[in-house]
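User: Hi! I am new to reading protein models, and I would like to go through this one step by step. Could you help me?

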Number of protein chains: 2
Amino acid sequence: MNWKLILIVCLLGVVSCEDSTTAGGDTTTIEATNSSSKLLLSDDGIADFKSSNSDVVKNTLKELSQSVDVILTAPIEIPQPVDAGGGYSHEKHKQNYAELYKVALSQSLDPQEDKLTYIRNMFDGYANMYPTLGMHPKDKENHPGGKLYWQGLNEAVTLFYMIQSYDLTRGYLTEDERLKIEKDLLRPMAKFLSEDSYEVFNKIHNHGTWSVAAVGMTGMVLGDDDMVQRSIYGSNKDGKTGFIAQLDHLFSSDGFYSEGPYYHRYAILPFIAFAQAIENNEPEVKIFEHRDGILRKAVTTLLQLTDEQGRFYPINDAIKSKTWESDEVVFATNIAYKQYKDASLLPVIKMMNKISYTDAGVIAANAITDDTEDFYNRPSMFIADGVEGKSGGLALMRSPQNTSGQLQAVLKFSTQGMGHGHFDRLSLSVYDYGNEIMPDYGAARFLNIETKRGGRYLPENKTYAQHTIAHGAVVLDEKSQYKGNVKYSEEHVSHAVKTDMSGERLQVSIAADSTAYNGTNLSRSITMINEPEISNRPFLIDLYHIDSKTSHQMDLNYPFFGDIIDTQFDYSRPVNKTVLGKDNGYNHLEVLAQGSPKSNATNTQFSFLQAQRFYSITSVTDASTQLFITQTGANDPEFNINLQRQYLIRQPKNKTSHTFASVIEPHGFFDPVKETVTYPKSVISNLKHEQQDGYDIVTFNAGGAMYLYTLSRKRDNNKNHTIEYNGKSYSWDGTHQLIKL
Amino acid sequence: MNWKLILIVCLLGVVSCEDSTTAGGDTTTIEATNSSSKLLLSDDGIADFKSSNSDVVKNTLKELSQSVDVILTAPIEIPQPVDAGGGYSHEKHKQNYAELYKVALSQSLDPQEDKLTYIRNMFDGYANMYPTLGMHPKDKENHPGGKLYWQGLNEAVTLFYMIQSYDLTRGYLTEDERLKIEKDLLRPMAKFLSEDSYEVFNKIHNHGTWSVAAVGMTGMVLGDDDMVQRSIYGSNKDGKTGFIAQLDHLFSSDGFYSEGPYYHRYAILPFIAFAQAIENNEPEVKIFEHRDGILRKAVTTLLQLTDEQGRFYPINDAIKSKTWESDEVVFATNIAYKQYKDASLLPVIKMMNKISYTDAGVIAANAITDDTEDFYNRPSMFIADGVEGKSGGLALMRSPQNTSGQLQAVLKFSTQGMGHGHFDRLSLSVYDYGNEIMPDYGAARFLNIETKRGGRYLPENKTYAQHTIAHGAVVLDEKSQYKGNVKYSEEHVSHAVKTDMSGERLQVSIAADSTAYNGTNLSRSITMINEPEISNRPFLIDLYHIDSKTSHQMDLNYPFFGDIIDTQFDYSRPVNKTVLGKDNGYNHLEVLAQGSPKSNATNTQFSFLQAQRFYSITSVTDASTQLFITQTGANDPEFNINLQRQYLIRQPKNKTSHTFASVIEPHGFFDPVKETVTYPKSVISNLKHEQQDGYDIVTFNAGGAMYLYTLSRKRDNNKNHTIEYNGKSYSWDGTHQLIKL
């Protein structure tokens with residue numbers, strides 16, 4: 001900033017003048033006009049960064065300064081775009097915008113000639129190249145392509161960062177430089193994204209959101225209101241497409257993003273960043289109040305969709321190990337805090353221990369105190385899917401506690417999630433102590449690893465990972481739900497029958513589906529029981545009902561991680577290689593063992609040891625039940641599928657209806673340092689299940705005592721009810737109860 | 001203590017009287033005579049515990065007090081001994097002595113009636129039961145049995161803790177109580193261990209050490225010098241057996257324990273504890289000076305045998321995940337610090353963040369300051385095996401650095417390690433960033449998990465884990481080394497040809513063996529190269545020579561953890577189940593893929609991704625080379641073998657000599673949070689190997705440049721040498737050199 005501008009700004013009272021005087025320093029090439037930031041880091045924010053006493057702010061600035069020092073030592077290279085994801089030119093262009101953004105941030109915080117030279121040369125290099133580019137040579141049919149990259153998505157992300165970099169630094173550039181950058185780079189990119197790639201720009205999809213955010217922010221900085229309006233309300237400015245429409249349709253009423261947390265995490269950045277830009281430039285839109293504060297829900301729902309280590313539940317197409325420490329989430333959480341002042345976000349921001357270089361980042365950091373907890377509360381909750389909240393959802397059942405060691409069960413019955421969805425309605429995954437116990441496989445993809453088909457989705461994503469059998473779900477007749485047809489699945493939804501998670505002792509979710517298999521009603525209830533008298537750990541009762549017009553082979557699959565330590569059933573291991581089935585993902589599973597319940601037994605038990613803890617699955621079985629232990633790896637010529645084992649309970653094709661009744665029980669610990677074992681055995685035995693008048697009646701023995709658990713399958717069966725068991729009557733209010741007999 | 005004793009002690013100046021006055025408090029039943037501690041926690045130590053300002057001391061005391069509070073709430077149960085390891089009675093007796101020890105410690109630090117009652121009742125209960133016991137019902141043939149436990153070892157450990165508990169608390173017991181405990185429990189246990197179990201007591205084996213330590217300490221406390229002398233010098237008091245003989249024969253000259261770190265860690269406790277007791281009671285033995293301070297070497301060598309997370313290298317029969325945080329190591333490190341004042345131990349003690357309840361514990365804690373580092377230096381080193389240091393050993397090659405991210409290669413050519421040894425001479429395992437990259441399988445055992453055959457070693461330990469093929473080693477003709485005969489292997493040793501690890505840029509170890517296979521000389525050299533010009537990470541050159549009188553099939557096996565991400569060779573995956581071989585562990589490996597080098601290729605490359613980092617093995621191969629990817633799990637009816645994959649390079653039976661030449665190269669990182677990939681590709685190509693005049697000549701291309709690496713296979717080839725390569729001469733001093741051509 002030059003003195004004239006500073007004077008004006010001071011007179012207007014916009015920024016704190018004490019600190020602003022240091023900005024600019026002795027760089028003298030700055031034009032005064034139109035150089036104040038339009039986007040996310042304002043002069044106020046810069047002043048706040050400089051004056052903050054927060055350690056995280058200081059560390060953030062130090063880190064930026066160190067990383068910029070490294071960036072400035074290397075020559076700028078702007079390669080001809082030739083490679084797909086993971087290849088040199090692809091990664092280099094990504095690196096360039098990320099580094100440009102860092103240098104631009106650094107320049108705005110501490111202007112220096114060498115940074116300015118870097119910025120000038122980088123912009124100039126791209127402005128020279130961009131007009132010469134046609135479509136990228138690795139551009140694929142059926143996938144929107146770019147010029148700098150094989151896919152247009154990366155192009156939008158690049159503009160997203162370039163326009164922010166330009167916003168922060170154009171005040172230091174000459175008019176000629178600005179003209180060239182705007183004319184040869186920024187406007188052509190915005191045109192490519194919004195006009196040449198019209199379809200993506202107007203798509204209700206995260207690729208569309210990146211496009212509208214990048215183009216909209218470009219419009220704000222260049223003062224092009226037409227660009228801004230097209231971004232917010234769609235190319236036709238009718239609100240049918242564009243940012244608001246995306247906000248309305250991509251998030252459920254509870255802020256759930258149907259592709260799942262992996263894409264939610266990615267999409268949240270353009271949503272929240274563009275929203276902040278709109279708030280700054282078009283405050284009359286009241287974007288943060290839109291749809292009852294949907295952006296707040298989008299952020300908190302995303303944060304809640306994590307295990308104890310802050311890793312996102314890998315539902316649908318997901319790369320595992322992605323945590324809330326991703327820059328996108330840091331960014332989103334900062335802005336959500338700034339706008340909504342939701343104190344529940346502060347522990348997360350504290351644990352992240354880093355902030356975005358935005359006004360919101362420094363505001364969030366300054367709000368953290370010694371009293372801010374190091375623990376994020378993850379209560380049980382139902383997250384509704386669908387714009388109206390009526391299209392199924394996720395039941396997150398989590399043991400009530402405020403220390404580590406939470407048992408988490410995820411019952412998934414959300415909508416398909418478009419092309420990135422999996423056919424896993426009513427599937428269950430389980431996490432304990434931050435470890436995957438009964439995992440969701442996630443995606444078959446080695447992101448950005450070029451040797452694995454350019455880092456793209458692998459064929460096995462469609463042939464295995466998306467199929468029902470890759471999940472903790474029931475499969476009928478070895479066919480995936482909805483016959484594996486995305487379009488058909490997108491048209492139908494499952495339903496929450498009941499979600500009652502308020503109790504400390506009993507939490508219940510019931511989900512139902514009537515469209516995944518023709519003529520078949522499916523319903524699954526998961527009950528989490530916290531009853532220290534029974535077990536020192538919470539445990540789950542899993543009841544899965546199939547009720548069909550015709551008879552089916554019914555497979556209940558429990559993927560698990562860990563070593564098999566006990567099998568209370570008879571099995572043999574096939575001598576010859578045996579694959580579980582022909583297609584629908586069954587073709588990728590090798591049968592390690594095939595068995596049947598012990599003679600005259602009514603229960604089957606399977607125990608495994610994962611991350612030094614014991615887990616047992618106790619199931620009601622009968623003489624016709626078949627049991628399998630399977631492992632991924634069959635028909636996988638390129639070793640694309642990760643190692644994964646499954647325990648599968650099969651009822652052969654002789655019934656039209658059946659209930660799979662199981663108890664899933666964490667118990668005990670092997671301490672490898674002390675070499676001690678506690679509670680290595682399941683406490684559950686004699687598990688029985690029957691139905692009576694719309695009620696499930698489950699009984700089991702635990703520690704010598706018999707327990708009776710009853711659950712109404714209906715939503716509103718809350719009145720006083722009596723059931724008969726073993727010749728006695730038991731009565732209670734409400735839909736479910738656990739009684740010691 | 002009563003006042004009379006305190007007065008005497010004060011007059012003698014033995015303890016600090018300020019603090020001693022609080023000991024005893026208002027408990028009035030204490031006899032004065034003979035009640036001062038003979039063993040590891042003296043009145044001085046108690047005073048030091050109470051006066052220390054160290055946080056770790058305070059936390060240790062707080063933890064003790066909290067855990068004793070819990071112990072005292074539960075009733076004492078002393079079950080009839082019936083169960084094997086992992087079973088109730090087994091675990092309960094273990095729990096009892098551990099809890100008795102804690103309460104006794106607590107009583108000596110803060111005497112209370114309820115603790116005394118607990119101690120009295122626990123001792124009384126065991127004194128009532130012990131004389132009634134015969135041998136344990138689960139006593140096994142060929143394994144020394146106990147009375148309280150299925151094996152005598154646990155009995156010795158029990159007395160080890162009971163005598164320490166008694167030592168600390170007998171001053172609070174009546175003479176009658178003491179008489180009964182000594183006559184019915186302590187002396188009978190000592191008699192059982194030293195006389196009824198004469199063989200174990202006089203064995204040069206860790207079970208013997210536990211016995212002599214327990215019995216010797218009992219002798220010290222009961223004032224039975226005969227017991228003490230038998231423990232120190234063997235039943236015949238001739239020094240041929242007993243503690244000193246064990247100290248002389250169980251540790252190599254470098255303090256290596258041939259069974260490996262897992263048993264070393266276990267054995268170190270009776271060694272160090274009994275040594276401290278001898279130092280206190282028989283100082284003229286000068287036990288800590290014995291054999292040039294062998295106990296100091298035993299402790300530091302144990303600590304050095306760890307990966308970056310402090311986990312012991314799982315060589316020989318080992319349970320993984322065991323760290324230096326084990327109580328035994330805490331104990332040993334404390335006493336070693338007290339006796340030797342070796343400051344290099346302090347960072348470890350600081351990182352352990354806990355101490356033993358001994359005089360040594362509080363001395364160690366008080367020695368830690370803010371300046372004590374949080375980093376344990378693990379330099380490269382050769383650890384010689386054998387009493388004279390001439391029986392092979394371990395070469396630990398570790399990249400030079402003082403931050404995290406160390407590459408560690410372990411070349412093992414130590415002695416067999418008795419019954420717990422593996423047939424893995426010249427085997428290699430690799431660790432990087434604290435992760436297992438090329439692992440040692442360890443033992444086939446689920447310790448203390450009763451459903452896994454009572455927690456004992458599983459049959460697969462002998463049929464798989466101990467075999468050569470389970471290791472990163474060469475196997476000839478699908479037979480294990482020494483034909484899998486322990487006795488035969490025990491009689492022969494391998495040799496260190498050369499270990500030069502002083503350089504930053506090049507570190508070399510060469511090991512040789514001429515007895516593992518009849519008429520065959522084996523030699524393996526591992527070179528660690530740190531040359532930033534070539535690669536930003538250190539890497540390994542692995543040269544394995546086989547030179548035999550007859551021709552053999554030669555298999556070089558590289559076990560690995562991680563996902564296969566690239567294979568630069570042709571392979572097919574067998575349609576039918578294919579097991580690698582019939583026996584010697586080959587019968588447990590399923591062939592996942594079988595292949596051969598690419599047509600006309602002279603190199604084969606295999607890349608995998610483990611813990612988000614990339615690793616490539618580039619090997620010289622020829623048209624006859626066969627390649628396999630194998631996986632454990634064949635012929636494993638009880639799922640006893642952990643999942644493990646191997647990359648195997650086979651030269652078919654057509655040569656009498658061969659050199660396997662490979663580069664093992666860590667490179668790159670996939671950041672799952674940022675979703676960025678760096679250095680995903682190996683930089684090595686065109687790897688060649690030839691021999692010239694006793695020198696290995698290795699050339700390779702890296703980053704466009706050719707490098708020449710030469711290494712003399714002889715120990716003393718240090719003079720100026722010239723080799724011809726590509727028509728040019730290259731000269732240098734020394735046995736090895738890396739030159740950029």
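User: How many aromatic pairs does the structure hold over all chains?

Analyst: Happy to help! This is a predicted model, where local features need pLDDT of at least 70, side-chain atom pairs count only at pLDDT 80 or more, and totals for chains, interfaces and linings use all residues. Residues are numbered from 1 along each chain as its sequence is written, chains are lettered from A and ligands numbered from 1 in the order in which they are written, and side-chain values use heavy atoms, with hydrogens and water left out. Rings of Phe, Tyr and Trp (its six-membered ring) pair if their centres lie within 6.5 Å. Over all chains, the number of aromatic pairs is 56.

User: Why is the pair of A:Phe243 and A:Phe271 called stacked, edge-to-face or tilted, and which of these words fits?

Analyst: A pair of aromatic rings is described by the distance of the centres and the angle of the planes. Planes under 30 degrees apart count as stacked, over 60 as edge-to-face and the rest as tilted. For A:Phe243 and A:Phe271 the centres are 5.5 Å apart and the planes meet at 45°, so the pair is tilted.

User: How much area do chain A and chain B bury between them?

Analyst: Buried area is the accessible area (1.4 Å probe) that two parts lose on being put together, summed over both. Carbon and sulfur atoms carry 54% of it here. The total for chain A and chain B is about 4200 Å².

User: Which residues in chain A lose the most area to chain B?

Analyst: Three residues stand out, together making up 18% of what that side buries. They are A:Phe639, A:Val673 and A:Glu675.

User: Which residue of chain A forms a salt bridge with B:Glu675?

Analyst: A salt bridge is a side-chain nitrogen of Lys or Arg within 4 Å of a carboxyl oxygen of Asp or Glu. Between chain A and chain B the count is 6 salt bridges. In the one with B:Glu675, the closest N and O atoms are 3.6 Å apart, and the partner is A:Arg265.

User: What relation do chain A and chain B have?

Analyst: The copies are superposed by least squares on the C-alpha atoms of residues with pLDDT of at least 70 in both. A rotation of 180° with 0.0 Å of shift along its axis puts chain A on chain B, with an RMSD of 0.1 Å. That is the relation of a two-fold axis.

User: Which residue of chain A comes closest to the rotation axis?

Analyst: Going by C-alpha atoms, the distance to the axis is 2.3 Å. The residue is A:Lys577.
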